[in-house]
Amino acid sequence: MSQRVYIFDTTLRDGEQSPGVSLTIGEKVQIAQQLARLGVDIIEAGFPISSPGDFESVSAIARKVKGITVAGLARAEFKDIDRAWEAVRHAEQARIHTFIATSNIHLKYKLRMTREQVLEAAVAAVKRARLYTSDIEFSAEDASRTDFDYLCQVLAAVIEAGATTVNIPDTVGYAIPGEWGGFINDICHRVTGIEKAIVSVHCHNDLGLAVANSLAAVINGARQVEGAINGIGERAGNAAVEEVIMALHTRKDNLGFFTGARTEEIYRTSRLVSTLTGMRVQANKAVVGDNAFAHEAGIHQDGMLKERTTYEIMNPAMVGISSSNLVLGKHSGRHAFRQRLEDMGYFLSEEELNNAFASFKKLSDKKTNITGEDIEAVIEEQMSALPHSYTLEYLHISSGTAVVPTATVGLRRDEQLFEEAACGNGPVDAICKAVDKITGINCTLINWGINAVTSGKDAIGDVNLKITTDGVKVFLGRGISTDILEASAKAYVNAVNKMIHVDRTAAAKQTEQKEVEN
Ligand code: KIV
Ligand code: ZN
């Protein structure tokens, strides 16, 4: 059996299902291009039938991103499969990924289908996909809680129908490594025709075991691992792709497997995903966290100075963390700026570069030394701009210990300037209320936090916040500035823009649906 493990990245599908995350098409293409540079084998670009926006982004990725397989997700329904194919068909290599739940609990409460009906739907879905392509992945959702004999029956039937990859998801993150390894081993030995398909796993991280379970599966016969960069995804997320790659790489001596990944692209990919999704990476996160290669204790520092391998099992350069954080400043030109962006994994169009360079110049008037983190913050702001959205034109605050905080806000949208003033419990509250008056949307600020992007008194403040209107849909906003109130206003406007964008897309979807029905 080959020792090559295929990496299936679902950052843009399961990862994008993280609460509050909503990426634009341009951002998704940018991430997909970086994933191709990282050398993952398959990108699950989205769920084409779920919205016109998802369809467009899968289709754009299929057309633009080369040298990689592009997969589109589809329920085991003909209309989903047809739509998925329409979206991925222009890819150099296209895959249809169809799924249906197989556990009793899902059959009874979610699908309200019998086992026979599910088996029939699974086979019919694969046969439908077979009309379009020979690269078909079938997932038995909630496999870890599925009756084993029934699961084997479904897998044998879909392989017979033409599935070339069978994915065994631990949808709810319930498995533990020893048990899961045995489960996969049994599948590899007991399913009729299993030698004709690649066995894949898709582990969720509810118990913090997603990566351990994925490795246990590989040891026991799985040859495709699904996951997302930085471990993002539904609830506690998916297996972190960068951890799986580095575990296989670093412990090749013990495990004996290899992937096609270019490990030096890991850090860049992680930063890009964190920046564009607004989901920060925890400092002590394995492989890519800020502290992953930081040594605090005196004994450790002493050891490191004498010989790096005393306390490091991976070299930071191996994951693309460079020791030099080249600083740009007021006098740096466009060429140096572009070069720095490309080193960081941002490949911008001329227009995007012009806008980013203008923001960089503005920042360099306020801040002497501009680091990679500052530039990243600027780019994030640039790239998260949505069409027909509000931008902050100006902000005036009156606040202090003896006055009622008041904010006057000017927002621009499509050449029109809107202005409003409001009082609040504090200056941030006043800003939010003034913005709400302009947009006509009453949002609740769920939380607000600030980090300094770099050190120093002139550091950029990076505000992250969450808003909601109904307590269910949550939108993340991020804003940066050397002035923290301006950063707060930008973050709030950013979150409101995302909310408006999602509502607009949903409205477009409804119209499209009506047109189809008429
Ligand atoms: O978690 C899950 O089961 C999934 C499937 C669609 C593969 O995301
Ligand atoms: Zn999942």
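**Two helix pairs and a ligand shell**

Let me begin with helix H3, residues 78-88, and helix H5, residues 115-130, whose axes come within 10 Å and cross at roughly 30°. Angles under 35 degrees count as roughly parallel, and that makes H3 roughly parallel to H5. As for the handedness, H3 passes H5 in a right-handed crossing. Please keep in mind, as you look at the structure above, that this is a predicted model.

Those of you who are new to this may wonder what we quote for such a pair, and the answer is that two packed helices are described by the angle between their axes and the distance between the axes.

With that in mind, please turn to helix H8, which covers residues 210-219, and helix H9, which covers residues 241-250; they pack with their axes 10 Å apart and at an angle of about 50°. H8 and H9 are therefore oblique to each other, and their crossing is right-handed.

Now I move on to the ligand. Which residues are around ligand 1? Going along the sequence, they are Arg13, Asp14, His97, Phe99, Ser139, Glu141, Asn167, Pro169, Thr171, His202 and His204. If we sort this shell by residue character, we find two nonpolar, six polar and three charged residues. Looking at the elements they come from, strand E4 (93-101), strand E5 (136-141) and strand E6 (165-170) each supply at least two residues of the shell.

Where do side chains of this shell approach oxygen atoms of ligand 1? In Thr171, an N or O atom of the side chain is 2.6 Å from an oxygen atom of the ligand. For His202, a polar side-chain atom lies 3.1 Å from a ligand oxygen atom, and for His204 the corresponding distance from a polar side-chain atom to an oxygen atom of ligand 1 is 3.0 Å. Taken alone, ligand 1 exposes 260 Å², and the protein buries 94% of that.

So much for the two helix pairs and the ligand; I am happy to go back to any part of this on the screen.

Methods:
Residues are numbered from 1 along each chain as its sequence is written. Chains are lettered from A and ligands numbered from 1 in the order in which they are written. This is a predicted model: local features need pLDDT of at least 70, side-chain atom pairs count only at pLDDT 80 or more; totals for chains, interfaces and linings use all residues. Side-chain values use heavy atoms; hydrogens and water are left out. A residue is near a molecule or strand if one of its heavy atoms lies within 4 Å of it. A polar contact is a pair of N or O atoms within 3.5 Å; within protein, one must be able to donate a hydrogen and the other to accept it, and residues adjacent in sequence count only if both atoms are side-chain atoms. Accessible areas come from the Shrake-Rupley method with a 1.4 Å probe; for residues, only the protein chains shown count as cover. Helices (H or I, at least four residues) and strands (E, at least two) are DSSP runs, numbered from the N terminus. Ala, Val, Leu, Ile, Met, Phe, Trp, Tyr, Cys and Pro count as nonpolar, Asp, Glu, Lys and Arg as charged, and the others, Gly among them, as polar. Axes are lines fitted to C-alpha atoms, for helices over the stretch in contact, and angles run from 0 to 180 degrees between N-to-C directions. Angles under 35 degrees count as roughly parallel, over 145 as roughly antiparallel, 65 to 115 as roughly perpendicular and the rest as oblique. A crossing is left-handed if the near helix is turned anticlockwise from the far one by less than a right angle, and right-handed if clockwise.
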